[in-house]
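Reader: Please take one small part of this structure and go through it closely. I am a first-year student, so explain the terms as you go.

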Amino acid sequence: MSTSLELYYYPACPYCQKVLRAMRNLGIENKITLKNILRSQEAANTLVRVGGKRQVPCLFIDGDPMYRSDDIVAYLTREFA
């Protein structure tokens, strides 16, 4: 069974850039759907609806949100390194 991964991010956010850099370093850019909350009001609304806030980065793992860049990078490293 495949895990569904979606990263909600804001391009100017340094914590988001940290996660995106980790994805590039792991070679998994094409394995995670990216949702830019500046370009998609629907994505921004999803963050608020699911987590009650517009905090990014947020990695949805099979629909469950994970916040904090350090936690996201650690998860991605465990799963893909």
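Author: Here is a close look at the cysteines, then a serine, then the core. This is a predicted model, where local features need pLDDT of at least 70, side-chain atom pairs count only at pLDDT 80 or more, and totals for chains, interfaces and linings use all residues. Residues are numbered from 1 along each chain as its sequence is written, and side-chain values use heavy atoms, with hydrogens and water left out.

Start with the sulfurs. A disulfide is a covalent bond between the sulfur atoms of two cysteines. Here it is counted when two cysteine sulfur atoms lie within 2.5 Å. The whole structure has zero disulfides. C13 is in none, and its nearest cysteine sulfur, that of C16, is 3.2 Å away. That distance is too far for a bond. C13 is buried (under 20% relative accessible area, 1.4 Å probe, protein chains only), at 9%. C16 is buried too, at 0%.

Now S69. The C-alpha atoms of S69 and C16 are 6.9 Å apart, yet 53 residues separate them along the chain. S69 sits in helix α3 (a DSSP run of H or I, at least four residues; strands are runs of E, at least two; both are numbered from the N terminus). S69 is buried, at 7%. Beyond its neighbours within four places in sequence, S69 contacts Y15, K18, V19 and P57. Contact means heavy atoms within 4.5 Å.

Last, the core. A nonpolar core joins buried Ala, Val, Leu, Ile, Met, Phe, Trp, Tyr and Cys residues through side-chain atoms within 4.5 Å. The largest one has 27 residues, and I32 is among the six that touch the most other members.

Key. Buried < 20%, exposed > 50% of the residue type's maximum accessible area, 1.4 Å probe, protein only.
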